[in-house]
Amino acid sequence: AFTLTLSFEKACAIQIAAESGGHDTMLPSEETCEATHRLTIAKNFPGSDAAWPSYRRIVDAYYPSYLT
């Protein structure tokens, strides 16, 4: 859940940045949406649970006090 939430937050930030640029934004094609969905549910996609151990190591290294 964490990695999907992180990906969602990044997508929202990108969307806000794109819309604040003062130009019209374009929606991706249906094919692009379907391909992105397939990647999202793939086992080794950064948004999948396979990435959790690496995120945990980063937090352990930079913010060890979260355990207390």
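Helices (H or I, at least four residues) and strands (E, at least two) are DSSP runs, numbered from the N terminus. The exercises below apply this to a predicted model.

**Exercise 1. The overall fold**

Task: State how many helices and strands the chain has, and give their pattern along the sequence.

Solution.
Step 1. Counting the elements gives 3 helices and 0 strands.
Step 2. Reading along the sequence, one obtains the pattern α-α-α.
Step 3. As for the surface, the chain exposes about 5,900 Å², and carbon and sulfur atoms supply 64% of this area.
Step 4. Of the 68 residues, 6% count as buried.

**Exercise 2. A salt bridge**

Task: Determine how many salt bridges a search of the whole structure finds, and describe where Asp60 and Arg56 lie.

Solution.
Step 1. The search of the whole structure yields 1 salt bridge.
Step 2. Side chains of opposite charge can pair when their charged atoms come close.
Step 3. Asp60 forms a salt bridge with Arg56, and the closest N and O atoms are 3.5 Å apart. The cut-off for a salt bridge is within 4 Å.
Step 4. Both Asp60 and Arg56 belong to helix α3, which covers residues 52-62. They are 4 residues apart, about one turn of the helix.
Step 5. Asp60 counts as partly exposed because its relative accessibility is 31%. Arg56 is likewise classed as partly exposed, because its value is 35%.

**Exercise 3. A nonpolar patch**

Task: Identify the residues that make the nonpolar surface patch, and decide whether Tyr62 is buried or exposed.

Solution.
Step 1. The patch is made by Ile58, Tyr62, Tyr63, Tyr66 and Leu67, and its area is about 600 Å².
Step 2. Among these residues, Tyr62 lies in helix α3.
Step 3. The relative accessibility of Tyr62 is 62%. The class "exposed" requires over 50%, so Tyr62 counts as exposed.

**Exercise 4. The largest pocket**

Task: Describe the volume and the lining of the largest pocket.

Solution.
Step 1. The largest pocket holds about 250 Å³ of space.
Step 2. Its lining consists of Ala11, Ile14, Gln15, Ala18, Glu19, Thr25, Met26, Leu27, Pro28, Thr32, Cys33 and Thr36.
Step 3. The elements that give two or more residues to this lining are α1 and α2, the latter spanning 30-41.
Step 4. Helix α1 provides the largest share, 5 residues.
Step 5. Sorted by class, the lining has 7 nonpolar, 4 polar and 1 charged residues.

**Exercise 5. Two residues of helix α1**

Task: For Gln15 and Ser7, state which helix holds each residue, then give the C-alpha distances from Gln15 to Thr25 and from Ser7 to Thr40.

Solution.
Step 1. Gln15 is placed in helix α1. Gln15 is partly exposed, because its relative accessibility is 39%.
Step 2. Gln15 and Thr25 are 10 residues apart along the chain, and their C-alpha atoms are separated by 9.0 Å.
Step 3. Ser7 is also found in helix α1, residues 2-19. Ser7 counts as partly exposed, because its relative accessibility is 31%.
Step 4. From Ser7 to Thr40 there are 33 residues in sequence, while the C-alpha to C-alpha distance is 9.8 Å.

Methods:
Residues are numbered from 1 along each chain as its sequence is written. This is a predicted model: local features need pLDDT of at least 70, side-chain atom pairs count only at pLDDT 80 or more; totals for chains, interfaces and linings use all residues. Side-chain values use heavy atoms; hydrogens and water are left out. Buried means under 20% relative accessible area, exposed over 50%, partly exposed in between (1.4 Å probe, protein chains only). A salt bridge is a side-chain nitrogen of Lys or Arg within 4 Å of a carboxyl oxygen of Asp or Glu. Patches are made of residues with over 30% relative accessible area and no salt bridge: like charges are joined within 9 Å, nonpolar side chains (Val, Leu, Ile, Met, Phe, Trp, Tyr) within 5 Å. Accessible areas come from the Shrake-Rupley method with a 1.4 Å probe; for residues, only the protein chains shown count as cover. On a 1 Å grid over the protein atoms alone, a cavity is a set of points where a 1.4 Å probe fits but cannot get out, and a pocket is an open set with protein on both sides within 12 Å along at least five of seven lines; lining residues have an atom within 4 Å of a point. Grid points are joined across faces, edges and corners, and a volume is the space filled by probe spheres set on the points. Ala, Val, Leu, Ile, Met, Phe, Trp, Tyr, Cys and Pro count as nonpolar, Asp, Glu, Lys and Arg as charged, and the others, Gly among them, as polar.
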